[in-house]
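Got a new structure open and wondering where its labels come from? Let's go through a few of them together.

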Amino acid sequence: MSIFVDDDTRVVVQGITGGEGKFHAGQMIEYGTNVVAGAVPGKGGQEVDGVPVYDTVDEAVEAEDADASVIFVPPAFAADAIFESLDTDLDLAVAITEGIPTQDMAKVNKRLDETDTRLIGPNCPGIITPGEAKLGILPGNIFSGGNVGLVSRSGTLTYQVVDNLTERGLGQSTAIGIGGDPIIGTSFVDALEAFEADTDTDAVVMCGEIGGEDEEQAAKFIGEHMDTPVAGFIAGRTAPPGKRMGHAGAIVSGSGTGTAQSKIDALNEAGVPVGDTPEEVADHVEDFL
Amino acid sequence: MKLHEYQAKSLFADAGIPVPDSRLATSVDEALDAVDEIGYPAAIKAQVHVGGRGKAGGIKIATDREEAERYADEILGMDLKGYTVDQVLVEAGVDFVDELYVGVTMDRGEGKPVLMVSTEGGVNIEEVAESNPDAIAREHVDPAFGLHPYQARKVVYEAGVDADVALDVASILSTLYDLYEENDASEIEVNPVMITGDRDVVAADAVMNIDEDALFRQPDLADMAEASYEDDLERKAGEYGFDYVRLSGNVGIIGNGAGLVMTTLDLVDYYGGAPANFLDIGGGAKAERVTQALDMVFSDDNVDAVVFNIFGGITRGDEVAKGINEALEGFDEIPKKVVVRLAGTNAEEGMEILNTDLVEVEKTLEDAVQRAVKNAEEVTQ
């Protein structure tokens with residue numbers, strides 16, 4: 001089993017005719033994902049790699065019975081694309097786009113409260129259930145099926161940790177990149193809750209980073225609600241306050257809030273071992289299983 | 001992106017928020033011309049992106065021309081926490097009886113903007129937030145509707161602002177919210193708002209940060225960003241379009257993806273070295289970008305050794321290897337030792353292409369970092 005996506009997921013790609021959308025739609029199909037439609041305004045009636053394109057998400061859902069979308073739309077238009085997927089009542093929307101203005105995401109966030117659609121991202125690598133479905137830009141070949149769930153704010157750091165796991169024969173149930181922006185749809189807690197409920201996930205890796213208080217909330221959730229063991233990693237221990245470390249959300253703002261140390265302390269208190277290196281994270285997972 | 005105080009205050013003034021009379025000066029002569037027009041007392045304020053300027057000696061109050069000349073001379077050119085001051089704001093002193101804090105920022109946890117008001121102005125608000133959180137009144141704004149004027153009044157009254165100035169403060173707060181929305185700010189802070197003996201309300205300081213992701217629709221602010229680089233390397237990174245942060249160590253770091261680059265920094269520290277920078281070349285980088293990244297790190301005199309760590313998803317190892325070769329083949333002598341680690345997409349092809357006469361190669365992140373730390377140590381010994 002897995003969380004959020006599997007081989008029944010039917011995907012519409014918003015922005016499938018753009019450079020990135022076209023390339024990654026192809027990669028998703030190659031991985032075995034059911035990419036059933038594309039949605040691009042003004043491009044209805046075209047085909048990309050044999051996938052029919054519609055002018056609106058609504059038409060794509062109507063014609064192809066899509067239940068999830070992946071969004072590769074430039075930042076200036078991305079919030080609109082997310083609203084379109086939310087207003088179409090899909091089960092899942094995965095926003096890959098990096099650089100969406102935060103105030104746009106605040107409006108999206110407000111709408112999320114009123115809909116049942118799950119949003120993953122934005123500014124994320126997506127989600128993969130190895131061997132079943134990949135929604136996003138994660139390189140499929142480094143993943144292998146198994147019983148370790150993984151949730152991370154970062155893309156390439158996820159690949160690094162997955163590589164360490166796969167090399168030791170520790171396969172993954174589902175891996176989710178939740179994104180590096182200040183306002184995101186799916187939090188650590190949302191993902192951890194789903195992994196806890198998933199009978200085929202026996203251990204979880206959580207990769208956080210500086211900024212915000214998501215990791216602290218996740219630690220609290222783990223301490224109170226999880227039986228599945230969790231190993232952690234926190235990036236940004238050496239980041240100085242007030243400097244944005246690449247991700248819009250990765251910034252230590254005030255004194256004491258959002259620092260790596262406060263996150264590591266919170267996780268340790270909840271019984272979560274935090275690795276000093278990615279290799280050490282894999283050590284902890286190996287100990288769990 | 002941080003605006004300078006003078007930039008933020010010009011936006012405040014245009015929006016109708018009362019600010020003290022002021023002039024920007026880049027030389028002692030200009031500063032003296034400014035005080036001649038403004039009169040005394042006058043504040044001479046360093047325009048650098050550093051918190052706690054006052055305590056660090058970057059703000060002085062001049063009561064006569066002789067003092068103005070001395071302070072302007074002291075502050076212009078001074079080093080303030082690593083930044084050189086090359087402009088000062090000369091501003092009319094305000095005779096105040098009370099100070100407030102007001103601010104607008106994004107509450108990440110709630111995903112909503114929040115207004116904040118406190119009667120404990122003039123001090124570090126983060127310390128107030130920790131020691132006495134009840135001294136800050138907060139009001140969240142529904143981003144779909146925007147600010148209702150009553151909310152500004154409510155939070156001002158709740159903070160306990162004196163009744164005779166409360167509506168004036170609420171009006172400033174309302175205008176600040178408009179500025180926050182119109183300019184895609186991530187944060188606006190006025191600390192302090194001063195209340196004068198005549199019960200006038202004046203914005204005496206201004207902190208305004210802009211969401212960098214929104215600069216595409218804020219052309220005027222993007223121009224201000226140009227003027228706000230404080231370091232040649234940061235300017236160069238801006239031109240190349242890199243996410244770059246300069247730090248104080250001597251191990252240069254290049255990688256792809258913010259989380260992995262941060263992790264590389266942390267490992268440099270963990271293995272006993274000191275990171276010189278954060279440099280993310282982003283996803284899907286081609287050879288040319290790799291060359292630019294090496295140029296950036298080589299341009300930093302503090303760097304003694306470099307670690308180049310790539311885990312390719314959409315970035316291809318062979319492209320990276322080509323870029324590294326091109327960059328290094330141009331030198332008669334490699335300026336700094338470079339350790340390269342390639343993993344992920346086309347990593348093997350990349351390893352074959354890499355000219356190992358020019359770089360050192362390691363297979364794992366941990367090994368690459370340790371070797372670069374050792375290389376840096378050898379240079380400093």
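Quick note before we start: this is a predicted model, where local features need pLDDT of at least 70 and side-chain atom pairs count only at pLDDT 80 or more, while totals for chains, interfaces and linings use all residues. Residues are numbered from 1 along each chain as its sequence is written, and chains are lettered from A and ligands numbered from 1 in the order in which they are written.

Q: What makes domain 1 and domain 2 of chain A separate domains?
A: Domain bounds come from an automatic or database domain assignment. Chain A is split that way into 1-123 for domain 1 and 139-289 for domain 2. Taken over C-alpha atoms, their centres lie 25 Å apart.

Q: How do you know which residues of these two domains are in contact?
A: Two residues count as touching if their C-beta atoms, placed from the backbone, lie within 7 Å. Here 16 residues of domain 1 of chain A meet 20 residues of domain 2 of chain A.

Q: Which element of chain A gives the most to the domain 1 side?
A: That's α4(A), with five residues. Helices (H or I, at least four residues) and strands (E, at least two) are DSSP runs, numbered from the N terminus.

Q: How many residues does each chain put into the contact between chains A and B?
A: Chain A brings 50 residues and chain B brings 47 residues. On the chain A side, α4(A) gives the most, with six residues.
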